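Dear colleague,

I am handing over the structure below, and my notes on it follow directly after. Please read them with the coordinates open beside you.

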Amino acid sequence: EAIVGCVTLSSEDNLFLVTQSGYGKRIPVTALRLASRGDIGTQAIQFSSKTDNLAGMILAQPNQSIMLNTNNEQKLLIASDEINLLGTDGAGNKLVKLQSQEIVTEIIPLDLMSN
């Protein structure tokens, strides 16, 4: 187990989650329950395979660009508003087509896009 992200949230915020196999989704913070110390917590994303892991988690802000990096140096730029807002069930949408043995390694929030 490893920590892949940490953010400060308010009840109006959304989280953006991406798996190493390239699936991602935004979820409202209200879909998560507040846990106490020792609780197992809430599973916010379902993995597409047993070998998949969470690549990262960031605060999804409106009009923001997000860059996904892979271990093969592929870069993908996504607008946060293009990612579906879903609940905690399911793996989300396939965000990037990966080659064999390629995984998403990093999620980078970029400056807000100008309108």
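Glu73 is exposed, with a relative accessible area of 71%, and its place is in the loop between β4 and β5, the latter strand covering 75-79. The phi angle of Glu73 is near 65 degrees, a positive value in a residue other than glycine. Please keep in mind, for this residue and for everything that follows, that the model is predicted. Asn63 also has a positive phi, near 60 degrees, and is likewise not a glycine. Asn63 sits in the loop between β3 and β4 and is partly exposed, at a relative accessible area of 30%.

As for the chain as a whole, its secondary structure consists of seven strands and zero helices, so that the order of elements from the N terminus reads β-β-β-β-β-β-β. The radius of gyration is 14 Å, close to the 13 Å that the globule rule gives for 115 residues, and the chain is therefore as compact as a globular protein of that length. Taken along the principal axes, the box filled by the C-alpha atoms is roughly 40 × 40 × 20 Å. Of the contacts between residues at least 6 apart in sequence, 70% join residues that are at least 24 apart.

Turning to the surface and the charges, the accessible surface of the chain comes to about 7400 Å², and 49% of this belongs to carbon and sulfur atoms. Buried residues account for 35% of the 115 residues. The chain carries 8 positive and 12 negative charges, and the mean positions of these two groups lie 7 Å apart.

The interior deserves a closer look. The largest nonpolar core has 14 residues, of which Phe16, Val18, Ile66, Leu68, Leu95, Val104 and Ile107 touch the most other members. Four strands each supply at least two residues of this core, namely β1 (14-19), β3 (54-60), β4 (64-70) and β7 (104-112), and the largest share, three residues, comes from β3. There is also a second, separate core of six residues, which includes Leu15, Ile27, Ala44 and Ile45.

Within the larger set, Val18 is a useful residue to select in a viewer: leaving out residues up to four places away in sequence, Val18 touches Tyr23, Gly24, Leu54, Ala55, Gly56, Leu68, Leu95, Val104 and Ile107. Thr19, found in strand β1, counts as buried because its relative accessibility is 0%, which falls under the 20% limit. With the close sequence neighbours again left out, up to four places away, Thr19 touches Ile45, Phe47, Asp52, Asn53, Leu54, Ala55 and Val104.

Which residues does Ala60 contact, once its neighbours within four places in sequence are left aside? They are Asn14, Leu15, Phe16 and Arg26. Ala60 belongs to strand β3 and is buried, with a relative accessible area of 8%. The C-alpha atoms of Ala60 and Asp81 are 8.4 Å apart in space, although these residues are 21 places apart in sequence.

Two further residues, Asp13 and Pro28, can be read together, as each appears in the contact list of the other. Asp13 is in the segment before β1, and, residues up to four places away in sequence not being counted, it touches Thr8, Ile27, Pro28, Val29 and Leu59. From C-alpha to C-alpha, Asp13 is 10.0 Å from Arg26, with 13 residues of sequence separation between the pair. Pro28 lies in strand β2, residues 23-28, and at 22% relative accessibility it counts as partly exposed. Leaving aside neighbours within four places in sequence, Pro28 is in contact with Asp13, Asn14, Leu85 and Leu86. For Pro28 and Leu86, which are 58 residues apart along the chain, the separation of the C-alpha atoms is 7.6 Å.

With best regards

Conventions: Residues are numbered from 1 along each chain as its sequence is written. This is a predicted model: local features need pLDDT of at least 70, side-chain atom pairs count only at pLDDT 80 or more; totals for chains, interfaces and linings use all residues. Side-chain values use heavy atoms; hydrogens and water are left out. The radius of gyration is taken over C-alpha atoms; the globule rule is 2.2 Å times the number of residues to the power 0.38. Buried means under 20% relative accessible area, exposed over 50%, partly exposed in between (1.4 Å probe, protein chains only). Contact means heavy atoms within 4.5 Å. Accessible areas come from the Shrake-Rupley method with a 1.4 Å probe; for residues, only the protein chains shown count as cover. Lys and Arg count as positive and Asp and Glu as negative; His and the chain ends are not counted. The place of a charge is taken as NZ of Lys, CZ of Arg, CG of Asp or CD of Glu. A nonpolar core is a set of buried Ala, Val, Leu, Ile, Met, Phe, Trp, Tyr and Cys residues joined through side-chain atoms within 4.5 Å.
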